[in-house]
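Let's take a friendly walk around a bound ligand and see what holds its surroundings together. Keep the viewer open as you read.

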Amino acid sequence: MSMLYALPGNAAFARAVRRHAGWQRGELELHRFPDGESRVRLVTPPHGAVALACSLHRPDAKLFPLLAAANTARELGATQVGLLAPYLAYMRQDQRFRPGEAVSARVIGGLLGGAFDWVVTVDPHLHRIRDLADVFACRTVVVRTAPDLAAWIGANVRLPLLVGPDGESAQWVQAVADRLDVPCVVARKQRHGDRAVSVRLPSLARWRGHTPVLLDDIIASGQTLIDTARGVREQLVQPAPVAVVVHGLLGRKSLDALHGAGIARLVTTNTVPGEVAAIDVSARVAEALSAIAGKVL
Ligand SMILES: O=P(O)(O)OC[C@H]1O[C@@H](O)[C@H](O)[C@@H]1O
């Protein structure tokens with residue numbers, strides 16, 4: 001029997017995955033003490049293969065409970081302990097940008113790779129580090145969302161022109177464009193700070209009448225897509241752009257700013273819960289989970 005426990009905030013995604021995979025629900029309780037420490041309890045005794053579901057948006061406070069739960073599952077007899085992290089944090093800090101900086105992608109890979117037998121995640125931000133296996137000591141499985149993004153665009157957007165805001169987005173843009181057989185362009189981005197970017201687009205003149213679809217892997221402050229939308233609208237006044245993103249790490253303020261920048265509609269997958277998380281990737285995540293757990297057994 002395989003069991004899936006959800007860390008707080010992950011219940012809906014875990015439920016959907018369990019339904020597809022036929023895994024049993026494990027109940028997990030998390031208590032925060034007044035001093036900020038936490039206590040984890042696996043209310044349902046673990047047995048067989050165990051997975052913990054925890055999307056690692058705003059990761060720092062989630063990491064201790066996650067490691068404590070993994071350790072406890074193992075101590076109490078789980079035959080394998082895996083992590084289902086629909087969003088994997090810290091992949092963007094993949095080099096020492098300034099002397100003395102931590103390469104956080106390697107730190108998180110070492111930490112989670114040492115605690116879990118395997119990790120299943122969705123479209124991690126792999127750029128300079130090409131393969132999760134280069135930073136994780138355990139097995140890793142990457143679920144690609146291109147089929148889901150393509151299906152949503154195909155069903156909801158008339159005459160799409162895919163627009164990637166920077167070179168890093170090219171891998172996602174190309175994969176979706178190939179599936180839909182639609183045109184795509186990729187802009188150039190310069191980052192000046194956490195919330196300051198400038199995006200330079202190629203000429204879009206030949207795509208008049210197409211609906212621009214801004215496509216990216218992550219939306220955090222929203223500035224990348226805001227600046228891309230501004231550039232697109234200068235060239236293609238109508239129809240207004242839509243934005244399709246894998247991981248929505250944004251709050252209400254950024255959402256308002258995106259609509260203010262003229263983005264008609266923004267959708268993300270449900271790797272991070274939120275009001276625009278309309279593209280459900282739980283079925284293929286469930287498939288990956290069962291496949292890796294089956295291999296390890
Ligand atoms: O501009 P915000 O939304 O803050 O950050 C998201 C961008 O930062 C990049 O690493 C991502 O690939 C995405 O293009």
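What follows starts at the ligand and works outward to the chain around it. Keep in mind that this is a predicted model.

Begin with the place where the ligand is found: the ligand sits in the largest pocket. Around the ligand there are 15 residues, and the closest are D216, D217, S221, G222 and T224. By character, the residues of this shell divide into three nonpolar, five polar and seven charged.

Now look at the individual polar contacts, taking the ligand's oxygen atoms as your guide. T224 places a polar side-chain atom 2.6 Å from a ligand oxygen. With G222 the partner is a polar backbone atom, which is 2.8 Å from an oxygen atom of the ligand. K189 brings in a polar side-chain atom once more, at 3.2 Å from a ligand oxygen. How much of the ligand's exposed area does the protein bury? The ligand taken alone exposes 370 Å², and the protein buries 95% of that.

Next, step back to the secondary structure that supplies the shell. Three elements each give at least two residues to it: β11 (188-193), β13 (211-219) and α6 (223-235). Of the contributors, β13 gives the most, with four residues.

Finally, there is the annotation to consider. An unreviewed UniProt entry lists residues 160-249 as "domain: Phosphoribosyltransferase". Over residues 160-249, the model has 27% helix and 39% strand, while the C-alpha atoms at the two ends are 25 Å apart.

Terms used: Residues are numbered from 1 along each chain as its sequence is written. This is a predicted model: local features need pLDDT of at least 70, side-chain atom pairs count only at pLDDT 80 or more; totals for chains, interfaces and linings use all residues. Side-chain values use heavy atoms; hydrogens and water are left out. A residue is near a molecule or strand if one of its heavy atoms lies within 4 Å of it. A polar contact is a pair of N or O atoms within 3.5 Å; within protein, one must be able to donate a hydrogen and the other to accept it, and residues adjacent in sequence count only if both atoms are side-chain atoms. Accessible areas come from the Shrake-Rupley method with a 1.4 Å probe; for residues, only the protein chains shown count as cover. On a 1 Å grid over the protein atoms alone, a cavity is a set of points where a 1.4 Å probe fits but cannot get out, and a pocket is an open set with protein on both sides within 12 Å along at least five of seven lines; lining residues have an atom within 4 Å of a point. A molecule sits in a cavity or pocket if more than half of its atoms lie within 2 Å of its grid points. Ala, Val, Leu, Ile, Met, Phe, Trp, Tyr, Cys and Pro count as nonpolar, Asp, Glu, Lys and Arg as charged, and the others, Gly among them, as polar. UniProt positions are given in the numbering used here, feature names are shortened, and annotations may be inferred rather than shown by experiment.
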